[in-house]
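Biologist: Please show me the model, and then I will ask about it piece by piece.

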Number of protein chains: 2
Amino acid sequence: MAKAHDPIFRALADPTRRAIFERLCHDGDQTVAALTAYAGVSQPGVSKHLAVLKQAGLVCDRHEGRQTHYSVQRDALKPLVDWAGQMAGFWEGKLDDLEDLLGRMDQ
Amino acid sequence: MAKAHDPIFRALADPTRRAIFERLCHDGDQTVAALTAYAGVSQPGVSKHLAVLKQAGLVCDRHEGRQTHYSVQRDALKPLVDWAGQMAGFWEGKLDDLEDLLGRMDQ
DNA sequence: CTTATTCATAACTCTTTGGCTATCAATTAA
DNA sequence: TTAATTGATAGCCAAAGAGTTATGAATAAG
């Protein structure tokens, strides 16, 4: 069973990669050059990180001329939140925040 | 910036470790021996995984005689869900901005 | 007291991975 | 056409990490 949350956890475990994802969440659509200027690593490093994020279904890319724009995939974090909800449901410590978030992400 | 969600993401990135955490969520309090019987790795391997989970604040331990019982830490996944909510809030806010813009353009 | 059990730590191996530089294909500008 | 820019890929290397066996400390049992 190759669950959807496994590559997501893997992808978000690295701080550099998570920072790139956070920036995409915060500022929206970005070119590789823009992300490279801000991330503390080389351009090939950024490209590799973006490939991992894309593979995990967290981001999508759009080609425009010679530049590639990356943006957050819609409902990217849903498998993660669903998993957390399942775990929380097990130990019955119902988190109101979680239920609220699940409700908002279901739309 | 050593945020609380960083060690959590790291800890949950490994499938063996995540399986241990899932079992603790599902079945509650477990001894190391019980977890070892079920995980596909050696007892020292399980102990090491449990140390990582504990360090991340995901589980807590309780000593009873010569055995150690592990269980899920209360609100263990809250930093994770909070982070996800924050990320979701970012693109949600963008959507609001867009709706706002669209609304203003209607007039 | 001696032996068995339970778990943690130490020490090691091997794989994965995150970083780099070099380079290439594709596109745009001169 | 030629030169410059953008980003992806290849290849390499060092560090991290997940696994192992061996062993030690603490407790329980005989």
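What follows is a set of questions and answers on this predicted model.

Biologist: Which residues are the closest to DNA strand C?

Modeller: The count of residues surrounding DNA strand C is 20. By class, that surface has six nonpolar, nine polar and five charged residues. The closest are S42(A), K48(A), H49(A), S47(B) and Y70(B).

Biologist: What percentage of the atoms of DNA strand C within 4 Å of the protein belong to sugar or phosphate?

Modeller: The atoms in question are those of DNA strand C within 4 Å of the protein, and they are split between sugar or phosphate on one side and bases on the other. One contact on the base side pairs a polar side-chain atom of R66(A) with a base oxygen, at 3.2 Å. The share that belongs to sugar or phosphate is 62%.

Biologist: How many Å separate a polar side-chain atom of H49(A) from a phosphate oxygen of DNA strand C?

Modeller: A polar contact needs N or O atoms within 3.5 Å. A backbone contact to this strand comes from V32(B), where a polar backbone atom is 3.4 Å from a phosphate oxygen. For the side chain of H49(A), the distance to a phosphate oxygen is 2.3 Å.

Biologist: Which elements of chain B each supply at least two residues of the surface near DNA strand C?

Modeller: Both chains take part in this surface. Chain A brings α2 (15-27) and α4 (43-55). The elements from chain B are α3 (32-38), α4 (43-55) and β3 (67-72).

Biologist: Which element gives the largest share of the surface near DNA strand D?

Modeller: Around DNA strand D there are 21 residues, and Q43(A), S47(A), S42(B), K48(B) and H49(B) come nearest. From chain A, α3 (32-38), α4 and β3 each supply at least two residues, as do α2 (15-27) and α4 of chain B. The largest share is four residues, and it comes from α4(B).

Biologist: Which side chain has an N or O atom 2.3 Å from a phosphate oxygen of DNA strand D?

Modeller: Several side chains contact phosphate oxygens of this strand. S47(A) places a polar side-chain atom 2.5 Å from one, and Y70(A) has a side-chain N or O atom at 3.0 Å. The side chain with an atom at 2.3 Å is that of H49(B).

Biologist: Is the ring pair of F21(A) and W83(B) stacked, tilted or edge-to-face, and what is the angle between the planes?

Modeller: There are five aromatic pairs over all chains. The ring centres of F21(A) and W83(B) are 6.0 Å apart. F21(A) lies in helix α2 of chain A and W83(B) in helix α5 (residues 78-106) of chain B, so this pair joins two chains. The planes are at 35°, so the pair is tilted.

Biologist: How many residues apart in sequence are the parts tied together by F9(B) and W83(B)?

Modeller: The ring centres of F9(B) and W83(B) are 5.1 Å apart with planes at 80°, so the pair is edge-to-face. F9(B) is in helix α1 (residues 5-13) and W83(B) in helix α5 of chain B, so the pair ties together parts whose separation in sequence is 74 residues.

Biologist: Are F9(B) and W83(B) buried or exposed?

Modeller: Buried means under 20% relative accessible area. F9(B) has a value of 0% and W83(B) a value of 3%. Ring pairs link both into a cluster that also holds F9(A), F21(A), W83(A) and F21(B). By the cut-off, F9(B) is buried, and W83(B) is also buried.

Biologist: What do the end C-alpha atoms of helix α5 (residues 78-90) of chain A span?

Modeller: This helix has 13 residues, and at 1.5 Å a residue the expected span is 18 Å. Its buried residues include L80(A), W83(A) and M87(A). The end C-alpha atoms agree with the expectation, being apart by 18 Å.

Biologist: Which side chain makes a polar contact with the side chain of T68(A)?

Modeller: T68(A) is in strand β3 (residues 67-72) of chain A. At 17% relative accessibility, T68(A) counts as buried. Its side chain makes a polar contact, at 3.4 Å, with the side chain of H63(A).

Biologist: Which residue lies over the face of Y38(A)?

Modeller: In chain B, R23(B) lies over the face of Y38(B), at 4.6 Å from the ring centre. In chain A, the distance to the ring centre of Y38(A) is 4.6 Å, and the residue over its face is R23(A).

Methods
Residues numbered from 1 in each chain as written. Chains lettered and ligands numbered in written order. Predicted model: local features only at pLDDT ≥ 70, side-chain atom pairs only at ≥ 80, totals over all residues. Heavy atoms only, no water. Near = heavy atom within 4 Å. Polar contact = N/O pair within 3.5 Å; in protein donor to acceptor, adjacent residues only side chain to side chain. Nonpolar A, V, L, I, M, F, W, Y, C, P; charged D, E, K, R; others polar. Expected span 1.5 Å × (residues − 1). Buried < 20%, exposed > 50% of the residue type's maximum accessible area, 1.4 Å probe, protein only. Phe/Tyr/Trp six-rings, centres within 6.5 Å; stacked < 30°, edge-to-face > 60°. Lys NZ or Arg CZ within 6 Å of the ring centre and 35° of its normal.
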